[in-house]
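Please open the model in a viewer and keep the selection panel at hand. The tour proceeds by selection, with a short account of what is to be found at each stop.

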Amino acid sequence: MKKMIDIDFGSSRYDELVELRYKILLEPLGLKFLDMHRTREAGYLHIGCIESLDDRLVGGLILAPVNDEEIRMMQVAVDTKYQGEGVGRDLVHYAEKRAKEAGYSRLVMHAMLSVVNFYERLGYRQEGEIFEDKGITFARMVKDL
Ligand SMILES: CC(C)(COP(=O)(O)OP(=O)(O)OC[C@H]1O[C@@H](n2cnc3c(N)ncnc32)[C@H](O)[C@@H]1OP(=O)(O)O)[C@@H](O)C(=O)NCCC(=O)NCCS
């Protein structure tokens, strides 16, 4: 069984989440996770999905406050072995619940074009022009909570 959890900044679960984000998102693009990134994540919300059989983190994401109304969802990552089983969808739903409970009314994100459909199924809509960053094309996506 899988369960969604809040992860404390600086905990060993947080280290596990950094590792997973690196393996799934950064390493394939040849990017590094720099220690300076940690410092700015202290004020973010960190969310994970645990497989209770072996207590392993199989997915996660981070939420970065933009202003009093908006929070940005970033680095949604599901372990390769667990993709396509509903973990991503459940993580996003849980993140929306936590963002709403924390007082935010709008969730915003930059989605790679390859995952735009995944977010559209979850009620996100594209806003504005697509754009490129470091050779990757992104769409701005938003959802009112
Ligand atoms: C993209 C990702 C987060 C999706 O999570 P997941 O657990 O594999 O997806 P789910 O099983 O929850 O899928 C939910 C639905 O979206 C669909 N879906 C999954 N990935 C999709 C994609 N890339 N494009 C379109 N639809 C997708 C599923 O088929 C499923 O449809 P259903 O409801 O009809 O069954 C995950 O596959 C992942 O980490 N991929 C690699 C990293 C990545 O690209 N992250 C996004 C960074 S912006």
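Select β2 (45–51) and β3 (56–65): in this predicted model, the two strands run antiparallel and are joined by seven bridges. For one rung of this ladder, display L45, whose bridge partner in β3 is L63. Four residues lie between the strands of this hairpin.

Within that loop between β2 and β3, centre the view on D55. Its phi is positive, about 60°, although D55 is not a glycine. Is D55 buried or exposed? D55 counts as exposed because 7 other C-beta atoms lie within 10 Å, and the cut-off for exposure is 12 or fewer.

Next, keep β3 and add β4 (70–78). These strands also run antiparallel, with six bridges between them, and a hairpin of four residues makes the connection from β3 to β4. Return to L63, which stands opposite M73 in β4; L63 is also the partner of L45. Colouring β3 by burial shows a strand that is mostly covered, with seven of its 10 residues buried.

Move along β4 to Q75, which is located in this strand. Here too a residue other than glycine has a positive phi, near 55°. The surroundings of Q75 are those of a buried residue, with 22 other C-beta atoms within 10 Å.

Now extend the selection to β5 (106–112). The pairing of β4 with β5 is parallel and comprises three bridges. As a reference point, show E70, which is opposite R106 in β5. Which side chains of β5 point to the buried face? They are L107, M109 and A111, whereas R106, V108, H110 and M112 point to the other face and are not buried.

The next selection is α3 (87–101). This helix of 15 residues spans 21 Å from its first C-alpha to its last, close to the 21 Å expected at 1.5 Å a residue. Highlight its buried residues V87, G88, L91, V92, A95 and A99. They are on the same side of α3, because the arc they cover around the axis is only 130°. An α-helix has 3.6 residues a turn, so residues three or four places apart point the same way. To see what covers the buried residues of α3, display the strands β1 (2–7), β2, β3, β4 and β5 together with α4, which are among the covering elements. Just beyond α3, select G103, which follows the helix and has a positive phi near 100°.

Turn to helix α1, where Y22 is situated. Y22 is partly exposed, since 16 other C-beta atoms lie within 10 Å. Apart from neighbours within four places in sequence, the contacts of Y22 are E27 and F33. A distance label from Y22 to V87 should read 18 Å between C-alpha atoms, for a separation of 65 residues along the chain.

Finally, select the ligand and its surroundings. How many residues surround the ligand? There are 19, and the closest are Q83, G88, R89, N117 and F118. G88 has already appeared among the buried residues of α3. At least two residues of the shell come from each of α1 (12–26), β4, α3, β5 and α4 (116–121). By character, the shell consists of 10 nonpolar, six polar and three charged residues.

Terms used: Residues are numbered from 1 along each chain as its sequence is written. This is a predicted model: local features need pLDDT of at least 70, side-chain atom pairs count only at pLDDT 80 or more; totals for chains, interfaces and linings use all residues. A residue is near a molecule or strand if its C-beta atom, placed from the backbone, lies within 6 Å of it. Ala, Val, Leu, Ile, Met, Phe, Trp, Tyr, Cys and Pro count as nonpolar, Asp, Glu, Lys and Arg as charged, and the others, Gly among them, as polar. The expected span of a helix is 1.5 Å times one less than its number of residues. A residue is buried if 20 or more other C-beta atoms lie within 10 Å of its own, exposed if 12 or fewer, and partly exposed in between; C-beta atoms are placed from the backbone. The arc is that of the directions from the helix axis to the C-beta atoms. Two residues are in contact if their C-beta atoms, placed from the backbone, lie within 7 Å. Two strands pair if DSSP finds at least two bridges between them.
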